[in-house]
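Here is a short briefing on one structure. Please view the sequence and the model alongside the notes below.

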Amino acid sequence: MDDVCLTCYTRMPDHSQRSACTGCEYRLRSWLRDLPHHYVILQTLLHPDTGPARRGGGGRAHAPLPVRVAALDLLGPGQPVLLDDPHGDQTGGIPMTALLMGWARYLAQEFPAVNRDEHGRPRGVTTCTAAQPWHGADVPGLCQWLTAYLPYAVTRPWIDDLYDQVQDLLERAEGITDLKPRARAMDAPCPQCQMFALAEYQEELNILCTECPAVLTPDEYLAHRDRVMPQLAALALRIITPAPQAAA
Ligand SMILES: [Zn+2]
Ligand SMILES: [Zn+2]
């Protein structure tokens with residue numbers, strides 16, 4: 001197995017069984033947690049408000065579409081692979097359910113399954129024949145199913161394709177729902193560039209700097225903050241406290 005993460009190319013421990021690092025797994029898990037929220041909002045956005053009839057104005061040559069095409073692109077049925085598009089007239093990508101179901105099927109067909117006889121004794125190992133999401137084959141059910149199999153998925157050589165496609169799906173959904181992951185600015189300055197640019201992101205395992213490539217684990221950040229903040233507080237106090245008047 002490669003010792004470099006296939007999705008972000010960071011170095012992983014030698015002889016790792018993983019194909020993707022813990023940070024990328026955390027991010028993918030966050031995306032699969034967020035997609036069902038977008039799915040609910042997309043459903044409410046599917047039918048545009050028609051609003052009251054207005055007098056005057058330029059008028060329309062035809063009635064407005066009864067659905068938002070961008071939302072329908074994500075919610076509709078479809079193929080889990082893009083069809084040939086020689087004339088470039090496809091607008092959207094793969095709809096949510098089709099893409100997630102395609103990955104669930106693909107993963108299941110690789111996942112080792114132990115065959116058992118009528119007495120429950122193991123009789124060789126093959127692969128599963130199909131995915132059976134126990135909470136349903138809709139977006140929330142499929143996200144839950146894929147999350148449960150993520151520890152297996154991150155050991156497979158196709159993890160970067162799953163990662164890229166789920167990221168793309170989430171970005172398309174965010175483009176319509178306008179819901180972005182939350183970020184929180186951290187108190188302590190970056191240990192590398194010294195800027196006050198460290199932030200904790202909802203979807204990230206680690207604290208990232210927005211000005212340089214610094215990455216700190218939460219424990220590293222806490223240790224760094226405990227080291228530098230007392231010095232910064234003492235410095236700030238010296239700046240705001242007026243120097244004592246010299247004796248006359
Ligand atoms: Zn990674
Ligand atoms: Zn920095």
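**Metal sites and a helix pair**

Four cysteine sulfurs coordinate the zinc ion (ligand 2) at 2.3 Å: Cys190 (SG), Cys193 (SG), Cys209 (SG) and Cys212 (SG). The model is predicted. The points below take this site, then that of the zinc ion (ligand 1), then the packing of H3 on H4.

**Zinc ion (ligand 2)**

- The site is tetrahedral, with angles of 105 to 116° among its four donor atoms.
- Along the chain, the donor residues follow the spacing C-x2-C-x15-C-x2-C.
- Cys193 sits in the loop between strand E3 (183-185) and strand E4 (198-201), and Cys212 in the loop between strand E5 (207-209) and strand E6 (215-216), so this pair ties together parts that are 19 residues apart in sequence.
- Cys193 counts as partly exposed because its relative accessibility is 26%.
- Cys212 has 16% relative accessibility and therefore counts as buried, the cut-off being under 20%.

**Zinc ion (ligand 1)**

- The protein donors of the zinc ion (ligand 1) are Cys5 (SG), Cys8 (SG), Cys21 (SG) and Cys24 (SG), at 2.2 to 2.3 Å.
- This site is tetrahedral, and the angles among its four donor atoms are 106 to 116°.
- The donor residues are spaced C-x2-C-x12-C-x2-C in sequence.
- Cys5 and Cys21 each lie in the segment before H1, so the pair ties together parts that are 16 residues apart in sequence.
- Cys5 and Cys21 are both buried.

**Thr10**

- Thr10 is placed in the segment before helix H1 (22-45).
- With 37% relative accessibility, Thr10 counts as partly exposed.
- Beyond its neighbours within four places in sequence, Thr10 contacts Asp3, Val4, Cys5 and Cys21. Of these contacts, Cys5 and Cys21 are also donors to the zinc ion (ligand 1).
- Thr10 and Gly23 are 13 residues apart along the chain, and their C-alpha atoms are separated by 9.7 Å.

**Helices H3 and H4**

- Helix H3 (residues 96-110) packs with helix H4 (residues 139-148) at an angle of about 30°, and the axes are 10 Å apart.
- The crossing of H3 and H4 is left-handed.
- H3 makes the contact through Met96, Thr97, Leu100, Met101, Trp103, Ala104, Leu107 and Ala108.
- H4 contributes Val139, Leu142, Cys143, Trp145 and Leu146.
- The contact residues of H3 with H4 comprise twelve nonpolar, one polar and no charged.

Conventions
Residues numbered from 1 in each chain as written. Chains lettered and ligands numbered in written order. Predicted model: local features only at pLDDT ≥ 70, side-chain atom pairs only at ≥ 80, totals over all residues. Heavy atoms only, no water. Donors = N, O, S within 2.8 Å, 3.2 Å for Na, K, Ca; no water. Tetrahedral: all angles 85-135°; square planar, octahedral: opposite > 155°, others 65-115°. Helix = DSSP H or I, 4+ residues; strand = E, 2+ residues; numbered from the N terminus. Buried < 20%, exposed > 50% of the residue type's maximum accessible area, 1.4 Å probe, protein only. Axes fitted to C-alpha atoms, helices over the stretch in contact; angles between N-to-C directions. Left-handed = near helix turned anticlockwise from the far one by under 90°. Contact = heavy atoms within 4.5 Å. Nonpolar A, V, L, I, M, F, W, Y, C, P; charged D, E, K, R; others polar.
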